[in-house]
Amino acid sequence: MSCGKEFVETLKKIDYPKADILNGEDFDWLFVENEPFLKWFCGNVNEQNILSEEELEAFSVLQKSGKPILEGAALDEVLKTCKTSDLKTPTLNDKELEKLEDEVQTLQKLKNLKIQRRNKCQLMASVTSHKSLRLNAKEEETNKKLKQSQGILNATNTKISNELHTLSDGVAKLMMFFRRSDLGQGTNPLVFLSQFSLQNYLSQEEQSTAALTLYTKKQFFQGIHEVVESSNEENFQLLDMQAPSICDNQEVLEERRLEMARLQLAYICAQHQLIHLKANNLSLKSSIKWAEENLHSLTSKALGKDNLDAKISSLNSEILKLEEQITHMKGKILPAVVKENAQLLNMPVVKGDFDRQIAKQDRHTARQEVVLNQLIKQKASFELLHLSYEIELRKHWDIYRQLENLVHLLNQSNLMFHQRLEMLTDPSVSQQINARNTIDTKDYSTHRLYQLLEGENKKKELFITHGNLEEVAEKLKQDVSLVQEQLEVSAQEHSLFLSKLNNDVNMLCEALYQGGNQLLLSDQELTEQFHQVESQLNKLNHLLTDIFADVKTKRKLLASNKLHQVERELYVYFLKDEDYLKNIVENLENQSKIKTIGLED
């Protein structure tokens with residue numbers, strides 16, 4: 001691709017007006033003198049470097065507002081201040097020195113504590129010499145404590161005996177509920193459902209079932225359940241008089257057929273009479289209407305005798321024709337129609353019979369629903385009673401398991417108590433004629449105490465003496481004192497750490513609040529400098545938008561006016577290539593001279 005075409009492509013990227021019309025070869029001559037700038041332009045300029053119309057409008061508004069716009073040296077100074085803005089950072093040398101001083105103080109305190117510990121160790125050596133003197137006093141104190149413990153044991157024994165007595169009373173009261181109660185005597189209260197008698201409930205249920213069976217026998221015919229259970233479609237269809245009935249009694253069937261035939265015949269006769277009456281009624285109405293019309297015509301016009309005779313003869317002929325039509329209809333048309341619609345005459349009677357059967361069936365279903373509701377109520381009450389019995393049985397089983405576990409635990413505790421009594425009543429433990437230094441192997445409590453005091457690090461000894469037990473107890477006491485000292489030292493270190501942490505928190509609060517009540521998340525000097533830089537950047541943006549707007553207007557003027565384009569080319573040649581400008585001017589002068597000479601000739 002040539003340089004001119006690349007230049008035209010960059011103009012198309014930035015949406016330069018009429019860039020599609022331009023030819024890239026026409027701009028190749030520009031790259032001869034300005035090649036580095038144009039190559040930079042083609043490689044770096046894109047859509048992001050072009051200002052939008054909103055930005056241009058904002059720049060024009062800024063120009064119209066009359067605010068100062070930075071240009072030239074002032075703009076360079078602002079950019080230098082943005083790049084080389086001094087950010088004052090607080091020095092941390094003083095804080096580091098304070099931290100080091102605090103650490104020195106803590107180390108000095110630790111040194112003093114260690115010196116105190118050494119002095120305590122020295123004192124412990126002197127204390128051991130006075131132990132023999134203190135043992136006598138301790139013996140007296142132990143005797144007093146023994147008497148006090150015996151008194152306490154006696155009090156606890158009495159308390160336990162009283163509690164056991166109350167417990168036995170509560171158990172006796174609880175067992176009253178689970179014993180079988182004699183309803184006649186009424187000794188035990190009835191608490192559970194299983195303790196109540198079901199005779200009244202069963203008698204009521206038997207009475208209700210008996211009444212229900214009697215009701216069904218009265219209301220329904222025999223074998224209704226067989227008909228309902230065999231639910232075939234034939235049992236629930238409409239009754240056909242010619243088809244055999246579901247009943248087996250032929251006499252009842254024959255009576256029913258005769259009754260239906262009588263009803264159908266009576267209905268047909270009634271319909272025949274009704275039709276005759278309607279026909280007579282219609283004939284009377286038509287004759288009355290015809291008479292009224294003729295009377296009206298006679299009164300309006302006076303007819304002669306000849307005309308009247310002619311009219312009478314015509315009416316007679318019409319009557320004869322009508323009689324012939326009626327006889328024809330009675331003889332041929334009406335019997336065929338009656339035969340075709342004979343079944344339709346029986347439909348109202350059959351429909352009424354079917355309606356009666358349906359009403360009867362509805363009445364039977366309503367009674368069946370009453371019986372069914374009563375049976376559902378009985379079943380629901382029975383299931384509720386059964387469910388309550390099951391729930392109570394499960395609760396009884398739970399109580400039974402809990403009581404079994406309690407009995408097992410009581411047996412175990414009783415066995416252990418008897419073992420302890422046997423151990424205490426052992427003469428080898430209770431009575432010792434000769435004082436022994438070694439501890440008896442059957443003294444399990446003392447052995448367990450020695451194992452607890454000794455720990456797991458030492459080897460097991462064959463015989464344990466009271467002296468060994470005292471040594472282990474003394475060592476435990478020393479370990480306890482050492483642990484207490486260590487706790488004191490750790491508490492002091494913790495307090496020092498807390499004081500140091502409070503100092504750091506105070507320093508941080510001073511840095512954040514700076515003597516005020518409002519939290520400052522940034523330095524005031526920095527914020528002021530940032531505000532200044534932001535205002536200068538806004539001014540710079542306004543200047544740039546004004547410059548781009550001016551350039552855009554000038555480009556529009558150059559695109560619309562060819563004279564300005566020629567002037568621009570001349571200025572370019574004047575600033576960059578004077579010789580080429582001179583040649584162009586000389587050529588133009590020669591051409592003008594030739595034209596003037598040709599005009600003069």
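Colleague: Hi! Before we start, what counts as a helix here?
Modeller: Helices are DSSP runs of H or I with at least four residues, and they are numbered from the N terminus. Keep in mind that this is a predicted model.

Colleague: Thanks! How far apart are Arg356 and Asp353 in helix H13?
Modeller: Arg356 and Asp353 sit three residues apart in helix H13, so about one helical turn separates them.

Colleague: And what do their side chains do?
Modeller: The side chains of Arg356 and Asp353 form a salt bridge, at 3.0 Å from N to O.

Colleague: Is Asp353 buried or exposed?
Modeller: Asp353 is buried, because its relative accessible area is 7% and buried means under 20%.

Colleague: What about its partner, Arg356: buried, partly exposed or exposed?
Modeller: Arg356 is partly exposed, with a relative accessible area of 43%.

Colleague: OK, let's move along. Which residue forms a salt bridge with Asp398?
Modeller: That is Arg401, and the closest N and O atoms of Asp398 and Arg401 are 3.0 Å apart. Both residues lie in helix H13, with a spacing of three residues, about one turn of the helix.

Colleague: How accessible are those two?
Modeller: Asp398 is partly exposed at 40% relative accessibility, and Arg401 is partly exposed at 45%.

Colleague: Which residues are joined into one network by salt bridges that share partners?
Modeller: Arg256, Asp353 and Arg356 are joined that way.

Colleague: How many salt bridges are there by this rule?
Modeller: The count comes to five. Another one of them pairs the side chains of Lys351 and Asp355, at 3.2 Å from N to O.

Colleague: Where are Lys351 and Asp355?
Modeller: They are in helix H13, which covers residues 347-424. Lys351 and Asp355 are four residues apart there, so they are separated by about one helical turn.

Colleague: Are Lys351 and Asp355 buried, partly exposed or exposed?
Modeller: Lys351 is exposed, with a relative accessible area of 52%, whereas Asp355 is partly exposed at 36%.

Colleague: New topic! Which residues form a negative surface patch?
Modeller: Glu53, Glu54, Glu55 and Glu57 form one.

Colleague: Which helix does Glu53 lie in?
Modeller: Glu53 belongs to helix H4, which runs over residues 53-65.

Colleague: Why does Glu53 count as exposed?
Modeller: Glu53 has a relative accessible area of 58%, and exposed means over 50%, so Glu53 falls in that class.

Methods:
Residues numbered from 1 in each chain as written. Predicted model: local features only at pLDDT ≥ 70, side-chain atom pairs only at ≥ 80, totals over all residues. Heavy atoms only, no water. Patch = residues over 30% accessible without salt bridge, like charges linked within 9 Å, V, L, I, M, F, W, Y side chains within 5 Å. Areas by Shrake-Rupley, 256 points an atom, 1.4 Å probe, with all protein chains shown as cover. Salt bridge = Lys/Arg side-chain N within 4 Å of Asp/Glu carboxyl O. Lys, Arg positive; Asp, Glu negative; His and termini not counted. Charge placed at Lys NZ, Arg CZ, Asp CG, Glu CD. Helix = DSSP H or I, 4+ residues; strand = E, 2+ residues; numbered from the N terminus. Buried < 20%, exposed > 50% of the residue type's maximum accessible area, 1.4 Å probe, protein only.
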